[in-house]
Amino acid sequence: MHCASVDTTVTALPLTTSQIALAEVTKRYGDRMVLDRVSLTVRPGEKVGIVGDNGSGKSTLLRLLAGQEPVDNGSLTVMAPGGVGHLSQTLDLPGSARVGDAVDHVLGELRALEHRIRVAEATLGTAGPAEFERYAALVAEFDARGGNGADRRVEVSLRRLGEHAPLDRKRVLSTLSGGQRSRLALAATLALAPELLLLDEPTNDLDDEAVAWLEGHLRRHRGTVIVATHDRAFLERVTDTILEVDHDQRTVRRYGNGYAGFLAAKAAARARWAWDHEQWRNEVARQEHLADSGIGRLAEIPRKAPWAFSGAGAFRARSRAHGAQSRIRNARERLQRLTEHPVPPPPQPLRFTGRVEGTPTAGETPTAAHLEGVLVKGRLYLPSLKLAPGDRLLVTGPNGVGKSTLLQLLAGELTPDAGIVHRPRRVGFLRQQSAPDDAFDARTLLAAFAADRAGQPDEHADALLALGLFQAADLTVPVRNLSVGQRRKLELARLVTAGPLDLLLLDEPTNHLAPALVEEIEAALAHYTGTLVVVTHDRLLRERFHGPRLELPAS
């Protein structure tokens with residue numbers, strides 16, 4: 001095997017020999033194509049981040065690499081002599097299973113190897129040289145994988161991931177919180193100490209300290225790491241390669257030089273797109289001018305020469321007419337090819353339009369929002385909060401302290417049990433999670449985007465498509481059939497096209513969105529001139545935020 005012993009906190013492997021290659025791989029679920037003829041390789045020891053829209057196929061790609069699902073077409077090669085560890089987003093065990101069952105499930109490779117050793121030991125009394133060699137090889141492999149310390153590594157990793165008290169192995173999984181189950185699965189996967197780590201959203205349910213430990217652990221891992229994540233800070237600090245799963249093209253693109261290289265390549269591609277579109281427009285205009293000017297010149301050429309005109313003069317007139325007609329025909333043919341193969345404009349940059357309402361009277365402090373003595377029983381108490389036009393506020397605090405409640409108060413969607421709330425007239429609110437609405441969910445994407453707006457839904461199609469968030473084929477899809485990420489993009493599209501806003505409220509605006517789109521949102525917020533209140537767990541957004549912070553204390 002190609003794995004050396006490890007301590008309880010750091011996976012210290014020798015240089016990996018893992019091999020990963022996909023050649024023309026296709027994957028479908030029923031009639032839905034997820035991956036279409038994907039070809040790529042991952043070099044031994046690479047730290048790879050998988051990005052893409054929610055539901056684009058990131059988890060599918062990890063399951064294929066883990067051998068949990070077959071490809072429909074093409075070939076897939078995954079060789080990792082030091083073992084494979086796969087962390088899915090959910091533990092594939094019933095709620096009646098126990099903590100020990102979950103650990104044994106994740107450590108299945110080591111448990112199976114240990115069982116083979118015990119079986120071999122039982123036959124050593126009558127074994128020959130070949131059997132002794134096989135037994136010694138099994139023991140060496142088990143030791144190389146750190147099999148004897150695996151359970152201890154689970155406990156240590158759990159503590160570093162934020163689980164301060166050990167979990168009883170007899171405890172039923174249904175009694176654990178979702179976060180505890182996620183941390184248990186991650187700790188056991190890391191304790192497996194495999195050569196190839198396949199991790200699906202490993203930073204979910206981790207606090208900043210735990211994420212920092214995980215980042216260091218994975219950077220020190222000398223095997224290959226492939227992680228599907230929306231966490232931009234994680235991508236920036238851990239990965240050296242990015243694989244982008246393109247939901248529309250059903251393909252995977254590879255970018256080098258880490259997350260910074262990915263962003264630079266995306267920016268360059270967008271610039272090339274804009275240049276190609278401008279060149280196409282210029283060529284269309286040039287060919288139209290050639291056709292129009294040729295027609296004008298043709299009209300000036302005499303159709304018939306006078307009866308006394310010489311033969312040579314008639315020949316020259318016909319020659320000029322023939323040349324003009326040829327130029328017109330060529331221009332029209334070129335123009336037809338251009339219009340049949342247009343280069344569409346790149347998506348419009350996202351923009352949140354701000355507006356500062358009204359002019360305060362003499363001696364009055366301009367206020368965009370004002371809360372005084374606000375109480376929502378069991379959820380939030382806030383003695384005072386004043387926001388002037390153009391203020392920016394980041395609301396922080398642990399889960400359950402009332403961050404979303406505060407935004408609902410500012411949006412006018414919630415009435416406090418006590419206190420006063422003043423807010424401006426035009427408020428935009430991107431909710432963390434929309435309430436179920438059967439009537440809204442039954443509408444098509446386009447009808448939902450156009451809801452409460454003047455005119456027919458078809459009149460708003462160009463405005464929606466211009467944002468680049470959806471394709472034309474998506475417009476007729478019912479909202480209820482959209483993925484979580486697509487619903488999030490629909491809400492975002494309505495918000496950026498809503499017109500001027502005095503107050504913009506964003507509750508976890510980066511959830512379920514691809515990192516490239518999150519970067520666009522962050523750039524749009526930098527230019528927003530109205531009052532902004534943000535609640536977010538996104539570490540880069542918090543680090544880059546300019547403005548005061550309101551930390552709500554735990555009750």
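Visitor: What makes two strands count as a pair?
Guide: Two strands pair if DSSP finds at least two bridges between them. The model here is a predicted one, and strand E1 (residues 19-29) and strand E2 (residues 32-42) are joined by 7 bridges in the antiparallel sense. At least two bridges are needed, so E1 and E2, with 7, count as paired.

Visitor: Which residue of E2 is the bridge partner of Ala21, and what is said of Gly30?
Guide: Ala21 has Thr41 as its bridge partner in E2. Gly30 belongs to the hairpin of E1 and E2, with 2 residues between the strands, and takes a positive phi near 65°.

Visitor: What makes E11 and E13 edge strands?
Guide: The open sheet has 3 strands in the order E11-E10-E13, paired antiparallel. Strand E11 (380-387) and strand E13 (418-422) each pair on one side only, and are the edge strands. On average, neighbouring strands of this sheet are turned by 15° against each other, direction ignored.

Visitor: How do you know that E10 and E11 are paired?
Guide: Strand E10 (residues 369-376) is joined to E11 by 7 bridges, and the two run antiparallel. The requirement is at least two bridges, so E10 and E11 pair. Val374 stands opposite Leu382 in E11. Helix H11 (residues 403-411) lies across E10, E11 and E13, at about 125° to E10.

Visitor: Why are Tyr255 and Phe262 called an edge-to-face pair?
Guide: The structure holds 2 aromatic pairs. In the pair of Tyr255 and Phe262, the centres are 5.1 Å apart and the planes meet at 80°. Ring centres must lie within 6.5 Å, and planes over 60 degrees apart count as edge-to-face, so Tyr255 and Phe262 form an edge-to-face pair. Ring pairs also link Tyr255, Tyr259 and Phe262 into a cluster.

Visitor: Why is Tyr255 called buried or exposed?
Guide: Tyr255 has a relative accessible area of 13%. Buried means under 20%, so Tyr255 is buried. Phe262, at 1%, is buried by that cut-off too.

Visitor: How do you know that Arg453 lies over the face of Phe449?
Guide: Arg453 is at 4.8 Å from the ring centre of Phe449. The distance must be within 6 Å, and the charge within 35 degrees of the ring normal. The distance of 4.8 Å fits the first condition, and Arg453 is listed as lying over the face of Phe449.

Visitor: At what distance from the ring centre of Phe470 does Lys489 lie?
Guide: Lys489 lies over the face of Phe470, at 5.5 Å from the ring centre.

Key. Residues numbered from 1 in each chain as written. Predicted model: local features only at pLDDT ≥ 70, side-chain atom pairs only at ≥ 80, totals over all residues. Heavy atoms only, no water. Phe/Tyr/Trp six-rings, centres within 6.5 Å; stacked < 30°, edge-to-face > 60°. Buried < 20%, exposed > 50% of the residue type's maximum accessible area, 1.4 Å probe, protein only. Helix = DSSP H or I, 4+ residues; strand = E, 2+ residues; numbered from the N terminus. Axes fitted to C-alpha atoms, helices over the stretch in contact; angles between N-to-C directions. Contact = heavy atoms within 4.5 Å.
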